[in-house]
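The following exercises are meant to be worked through with the sequence and the structure side by side. Each one sets a task and then gives a solution in steps.

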Amino acid sequence: LGDVYKRQPYAVSYLEDGNRIVVSDETARELLVLDASEGTVVHHVPLNGSPKGLTWSSDHGSLFVAEYGAGTVAELDVEQGAVTRRFDVGPKPTDLALSADGTTLLVTDLAKNLVSLLDATTGERHTDIPVAPYPFAITAAPAGDKAVVSHLLASGDATAPDAASSV
């Protein structure tokens with residue numbers, strides 16, 4: 001990995017077959033694609049913003065990454081080590097989740113206090129859902145009818161379940 005002490009990993013994800021590991025590196029503004037068995041870097045993929053959240057496409061053929069500060073979500077071909085396209089979202093996307101049926105990409109935006117729902121195939125925006133301030137992380141429910149959003153800063157009584165999360 002080279003100068004590891006100069007890197008700032010943010011998120012990590014395994015490819016379902018276990019052959020590749022992807023690490024988002026905020027300092028270098030790139031993704032590292034690693035060979036899981038050797039631990040070696042296969043690709044350095046430069047990005048337009050600081051990489052934050054990662055999520056695989058439903059067929060695990062590509063990876064989506066939030067490009068914080070660039071206002072985009074990049075879709076990557078991990079085997080080729082290349083960005084294949086970008087979707088415009090809000091200015092500070094922090095995390096991503098894919099709906100249970102694989103058709104909708106959910107994107108949190110820290111700056112606009114929104115969760116954007118995008119068509120996972122075309123990138124077309126379906127809708128924006130206002131949420132409490134500072135949405136930071138998101139996960140989609142397996143049943144496909146809900147998502148849980150955590151917030152960077154609690155809004156209200158931090159001991160109350162709804163102060164630091166939205167459903």
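**Exercise 1.** Find how strand β6 and strand β7 pair, and over how many bridges.

Solution. In this predicted model, begin with strand β6, residues 63-68, and strand β7, residues 72-77, which pair in the antiparallel sense over 5 bridges. Next, locate Phe64, and opposite this residue you will find Glu75 in β7. Then widen the view to the open sheet of 4 strands that holds this pair, in which the order is β5-β6-β7-β8 and the pairing is antiparallel. At its edges lie β5 (50-56) and β8 (82-88), each of which pairs on one side only. From one strand to the next, the twist in this sheet averages 30°.

**Exercise 2.** Determine which residues have the most contacts inside the largest nonpolar core, and which strands each supply at least two of its residues.

Solution. The largest nonpolar core has 14 residues, and those with the most contacts inside it are Val22, Leu31, Leu54, Leu63 and Val65. As for the strands, β3, β5, β6 and β7 each supply at least two residues of this core. To see the surroundings of one member, take Val65, which, leaving aside residues up to four places away in sequence, touches several residues, including Leu31, Leu47, Leu54, Val73, Leu76 and Leu96. A second, separate core has 11 residues, among them Phe64, Phe87, Leu98 and Ala120.

**Exercise 3.** Describe the open sheet that contains β1, and state which strands are at its edges.

Solution. This open sheet has 4 strands in the order β1-β2-β3-β4, with antiparallel pairing. Its edge strands are β1 (9-14) and β4 (40-46), since each pairs on one side only. The twist here averages 20° from one strand to the next. Looking at one pair within the sheet, strand β3, residues 30-35, is joined to β4 in the antiparallel sense over 6 bridges, and Asp35 stands opposite Thr40 in β4.

**Exercise 4.** Decide whether Ser116 is buried or exposed, and identify the residue whose side chain makes a polar contact with its side chain.

Solution. First place Ser116 on the chain, where it belongs to strand β11, residues 114-119. Its relative accessibility is 4%, and a residue counts as buried under 20%, so Ser116 is buried. The partner is Asp128, whose side chain makes a polar contact of 2.6 Å with the side chain of Ser116. Finally, not counting residues up to four places away in sequence, Ser116 touches Leu105, Leu106, Val107, Arg125, Thr127 and Asp128.

**Exercise 5.** Work out which residues of strand β14 are on its covered face, and which residue takes a positive phi in the hairpin of β13 and β14.

Solution. On strand β14, residues 147-151, the covered face consists of Ala147, Val149 and His151, while Val148 and Ser150 make up the uncovered one. Strand β13, residues 135-140, pairs with β14 in the antiparallel sense over 5 bridges, and Thr139 stands opposite Val148. Between the two strands of the hairpin there are 6 residues, and Gly144 takes a positive phi near 90°.

**Exercise 6.** State how many helices and strands there are in the protein, and what percentage of its residues count as buried.

Solution. The protein has 0 helices and 15 strands, and 45% of its 167 residues count as buried. For the surface, the exposed area is about 8300 Å², of which carbon and sulfur atoms supply 51%.

Technical notes:
Residues are numbered from 1 along each chain as its sequence is written. This is a predicted model: local features need pLDDT of at least 70, side-chain atom pairs count only at pLDDT 80 or more; totals for chains, interfaces and linings use all residues. Side-chain values use heavy atoms; hydrogens and water are left out. Buried means under 20% relative accessible area, exposed over 50%, partly exposed in between (1.4 Å probe, protein chains only). Two strands pair if DSSP finds at least two bridges between them. Axes are lines fitted to C-alpha atoms, for helices over the stretch in contact, and angles run from 0 to 180 degrees between N-to-C directions. Accessible areas come from the Shrake-Rupley method with a 1.4 Å probe; for residues, only the protein chains shown count as cover. A polar contact is a pair of N or O atoms within 3.5 Å; within protein, one must be able to donate a hydrogen and the other to accept it, and residues adjacent in sequence count only if both atoms are side-chain atoms. Contact means heavy atoms within 4.5 Å. A nonpolar core is a set of buried Ala, Val, Leu, Ile, Met, Phe, Trp, Tyr and Cys residues joined through side-chain atoms within 4.5 Å.
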